[in-house]
Amino acid sequence: MKRIAVLTSGGDAPGMNAAIRAVVRTGLAKGWCMFGVRHGYAGLIAGEIFTLGARDVGGIIQQGGTMLGSARCPEFETVEGRMKALSQLCRHEIEALVVIGGNGSQAGAHALSLLGFPVVGVASTIDNDLYGSDVTIGVDTALNVSLEAIDRLKVTASSHHRAFLVEVMGRTCGYLALMAAIAGGADAVMIPEKETDPEVVATELRVAYDNGKAHAIVVVAEGARYNAEGMALYFQTHRERLGFELRMTRLGHVQRGGAPGSFDRLLGTLLGAAATERLADGKHGELVGLLKGEIAATPLAEVVTNRKTLDLGLLKLARTLAQ
Ligand code: F6P
């Protein structure tokens, strides 16, 4: 009988619970003993490891967040921290670990696997910046939350003839911002991958105003050189040129807290089940993700050394459509 543990790490993402449930129930169906780790790598270091039965993961598929809790854990970045985690895994006789999370979490998974411990990663982050999965758990729900906000902002913006700077998450990646801009029909977008001069945005807003638009939306990624606050400050002295009165809304963690939609429930389920199946096949040291519409495994060594790129052709499209 195998003893397998699962943890969630880094920023939580809607659909993580579906993945936990699938990991656990796929393992139980094989007659394995399944375990959960509380609060990511921090809980692993502290030995917060407990058994998970089928009922323990019941009623969670529709819930946002993660029933295991999550954390960012600087201690796990040290050799001492990793050795402590390893000794906890040995003490609990855990034979393999499933790590559900994004870049930092998969770097930790890779480090553990380099120490000889079997680990399979599951691609999950609302940022969608993880190599090895075209789309990660949580992105779709986070995007829908952003779109709902943008749609609402357009309503009040129209009433007052205003422009809104809407800041979405994405520390180093403009995926959410770019997709929200395209799907939300924004007039301008700022992303970290391609710096945009605020003057260009000022012109775009002025054109929108002169074209008789009742409102304008600028989607700004938090990691862009000028974030929403930076842009608001910049425009303070240029406001008369814009035509529109300006307001700013930062969506922040609101985007992470949504209940998972059908896509993230299914993606979480498929990836979670696939992770357990990979372990059953004797595979580890890899990440399961969705590549070209198929569930696929990528070596963790490749995941941590490659950077996912954003299709900048879509930035051009966003600009073309903002007429
Ligand atoms: O999980 C990714 C992310 O949501 C980023 O978009 C954001 O920059 C960061 O996490 C925020 O982290 P925290 O929740 O630790 O403040």
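A residue counts as buried when its relative accessible area is under 20%, as exposed when it is over 50%, and as partly exposed in between (1.4 Å probe, protein chains only). The views below show a predicted model, in which local features need pLDDT of at least 70, side-chain atom pairs count only at pLDDT 80 or more, and totals for chains, interfaces and linings use all residues. Residues are numbered from 1 along each chain as its sequence is written, and side-chain values use heavy atoms, with hydrogens and water left out.

**View 1. Two residues with positive phi, His-39 and Asn-128.** Asn-128 is not a glycine, yet its phi is positive, at about 55°. It is placed in the loop between strand S5 (119–123) and helix H5 (139–160); helices (H or I, at least four residues) and strands (E, at least two) are DSSP runs numbered from the N terminus. With a relative accessibility of 2%, Asn-128 is buried. His-39, also a residue other than glycine, has a positive phi near 55°. The loop that holds His-39 runs between strand S2 (33–37) and helix H2 (40–46). His-39 is partly exposed, its relative accessible area being 36%.

**View 2. Gly-47 in the loop that follows H2 and precedes S3.** Helix H2 and strand S3 (49–51) are joined by the loop in which Gly-47 lies. Gly-47 is buried, at 14% relative accessibility. When its neighbours within four places in sequence are left aside, Gly-47 is in contact (heavy atoms within 4.5 Å) with Gln-88 and His-92. The C-alpha atoms of Gly-47 and Ala-85 are 7.5 Å apart in space, although 38 residues separate the two in sequence.

**View 3. The open sheet S7-S8-S6-S9.** Four strands make up this open sheet, and their pairing is parallel; two strands pair if DSSP finds at least two bridges between them. Strand S7 (188–190) and strand S9 (245–250) are the edges: each has a single partner strand, so one side of each has no neighbour in the sheet. From one strand to the next, the twist averages 20°. Strand S8 (residues 216–221) runs parallel to S6, and six bridges join the two.

**View 4. Glu-167 within strand S6.** Strand S6 spans residues 162–168 and includes Glu-167. Glu-167 is buried, with a relative accessibility of 5%. Its bridge partner in S8 is Val-220. Not counting residues up to four places away in sequence, Glu-167 touches several others, among them Val-220, Ala-221, Glu-222, Asn-227, Thr-249, Arg-250 and Gly-252.

**View 5. The hairpin of S10 and S11.** Strand S10 (residues 286–291) and strand S11 (residues 294–299) pair in the antiparallel sense through six bridges. Val-288 is found opposite Ala-297 of S11. Two residues lie between the strands of the hairpin, and Lys-292 in the turn has a positive phi of about 50°.

**View 6. Packing of helix H6 against helix H12.** Helix H6 (residues 175–183) packs on helix H12 (residues 313–321) at an angle of about 30°, and their axes are 9 Å apart. Axes are lines fitted to C-alpha atoms, for helices over the stretch in contact, and angles run from 0 to 180 degrees between N-to-C directions. H6 is therefore roughly parallel to H12, where angles under 35 degrees count as roughly parallel, over 145 as roughly antiparallel, 65 to 115 as roughly perpendicular and the rest as oblique. The crossing of H6 past H12 is left-handed; the near helix is then turned anticlockwise from the far one by less than a right angle, whereas a right-handed crossing is clockwise. Leu-178, Met-179 and Ile-182 of H6 meet Leu-314, Leu-315 and Ala-318 of H12. This contact of H6 with H12 has six nonpolar, no polar and no charged residues. Ala, Val, Leu, Ile, Met, Phe, Trp, Tyr, Cys and Pro count as nonpolar, Asp, Glu, Lys and Arg as charged, and the others, Gly among them, as polar.

**View 7. Packing of helix H7 against helix H8.** The angle between helix H7 (residues 198–210) and helix H8 (residues 228–236) is about 70°, with 11 Å between their axes. H7 is thus roughly perpendicular to H8. Pro-198, Glu-199, Val-201, Ala-202 and Leu-205 of H7 form the contact with Met-231, Tyr-234 and Phe-235 of H8. By class, these residues are seven nonpolar, no polar and one charged.
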